[in-house]
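Here are some exercises to work through at your own pace. Have a go at each task before you read the solution under it.

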Amino acid sequence: IIREVNIDTEKIEKGKEIVFLQISDFHGSSSVELVNKMVSKADKIKPDAVFITGDLVDETTKDFDNIHILIKKLYSICSDIFFVSGNHEWNNDKKTELLRKLKELGVKISNNKGFNFAIRGTDINICGVDDSYRGQDNIEKAMKSADNKNYIILISHSPKIRDRLRGHSPDLIISGHTHGGQVRLPLIGAIISPVEGLFPKYDKGIYKLNNGSILYIDSGVGTSKLPIRFLNRSQMSLIKIVGTGRD
């Protein structure tokens, strides 16, 4: 499904809207049908940029062909694709090969790197961190060129980056990793999720952090360990940043 998220900001001129598609935790699926469904939905959205927030592969993935097909088809819809690594990229023996090929396909590898990005006359900053779960993140390097006058988006695989901001306050943090717990119970929600533990507070959705940042956790496309989802459908996120500032 497509999960729509709307976020208002005074940093963007009133009436302007920027649309992003987030894809997380694909986990190297070999399903051509799944790729076609994802691309079809992306084509209807026609996003300004695509954020891939890690675990595009599984640690055991050896054949990247279906991933290459996904990226090529997404690129034909939107040429601005930003990617940050997750723990499964780091655990995959072919990580270097994967990153090299993604770069060849036009993907902007955003591990500990920031970008100034203009969309229809609006300047925003897109900053990415490498996987904090594996301690590979460098927030200072990622946000070095960020301008606080612009809307700042931080993309990270793990939502635990919230504890490693070191005084930085991006307007929006976009992450994945938790799978929304994969299995959820009525009234209770997620039972367990990676890093966050049992009955996690941060499992999926929008959270307002104490520093003023908004954290959004996408529950992802695929599964890991057990191929099961319950009350937690596979999803991509349509993120709309809506301007409320002065004309």
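Before we start, one term: two strands pair if DSSP finds at least two bridges between them. Helices (H or I, at least four residues) and strands (E, at least two) are DSSP runs, numbered from the N terminus. What you see is a predicted model, where local features need pLDDT of at least 70 and side-chain atom pairs count only at pLDDT 80 or more, while totals for chains, interfaces and linings use all residues. Residues are numbered from 1 along each chain as its sequence is written, and side-chain values use heavy atoms, with hydrogens and water left out.

**Exercise 1. Work out the strand order of the open sheet of six strands, and find its edge strands.**

Step 1. Read across the sheet: the order is 1-16-2-3-4-5, and the pairing is mixed.

Step 2. Look for strands that pair on one side only; these are strand 1 (2-13) and strand 5 (108-109), the edges.

Step 3. Now check the directions. Strands of a sheet pair through backbone hydrogen bonds, either parallel or antiparallel. Strand 1 runs parallel to strand 16, with nine bridges. Strand 2 and strand 16 are antiparallel, joined by six bridges. Strand 2 and strand 3 are parallel again, with four bridges.

**Exercise 2. Find the residues that stand opposite each other in these pairs.**

Step 1. Start with strand 16: Ile7 faces Ile241 there, and Asp8 has Val242 as its bridge partner.

Step 2. Stay on Val242, since Glu17 also has Val242 as its bridge partner in strand 16.

Step 3. Move on to strand 3, where Phe51 is the residue opposite Gln22.

**Exercise 3. Decide how well covered strand 16 and strand 3 are.**

Step 1. Take the cut-offs: buried means under 20% relative accessible area, exposed over 50%, and partly exposed in between (1.4 Å probe, protein chains only).

Step 2. Count in strand 16: eight of its ten residues are buried, so the rest of the structure largely encloses this strand.

Step 3. Count in strand 3: five of its five residues are buried.

Step 4. Sort the side chains of strand 3. In a regular strand the side chains alternate between the two faces of the sheet. Here Ala49, Phe51 and Thr53 point one way, Val50 and Ile52 point the other way, and all are buried.

**Exercise 4. Is Asn125 buried or exposed, and what about Ser31?**

Step 1. Find Asn125 in strand 7 (residues 122-128). Asn125 counts as buried because its relative accessibility is 0%.

Step 2. List what Asn125 touches, where contact means heavy atoms within 4.5 Å. Leaving out residues up to four places away in sequence, its contacts include Phe115, Asp147 and Tyr151.

Step 3. Find Ser31 in the loop between strand 2 and helix 1. Ser31 counts as partly exposed because its relative accessibility is 28%.

**Exercise 5. Which residues have the most contacts inside the largest nonpolar core?**

Step 1. Fix the term: a nonpolar core is a set of buried Ala, Val, Leu, Ile, Met, Phe, Trp, Tyr and Cys residues joined through side-chain atoms within 4.5 Å.

Step 2. Pick them out of the 30 residues of this core: they are Ile23, Leu56 and Leu102.

Step 3. See who supplies the core. Helix 1 gives the most, with five residues.

Step 4. Follow Leu102: not counting residues up to four places away in sequence, it touches Leu56, Ile71, Phe83, Val107 and Ile109. Apart from this core lies another one of 23 residues, among them Phe20, Tyr151, Ile153 and Tyr216.

**Exercise 6. Describe the second largest pocket.**

Step 1. Set the rules. On a 1 Å grid over the protein atoms alone, a pocket is an open set of points where a 1.4 Å probe fits, with protein on both sides within 12 Å along at least five of seven lines; lining residues have an atom within 4 Å of a point.

Step 2. Name some of its lining: Ile1, Leu34, Lys37 and Met236 are among the residues there.

Step 3. Find the main contributor: helix 1 (residues 32-45) gives the largest share of this lining, four residues.

Notes:
Contact = heavy atoms within 4.5 Å.
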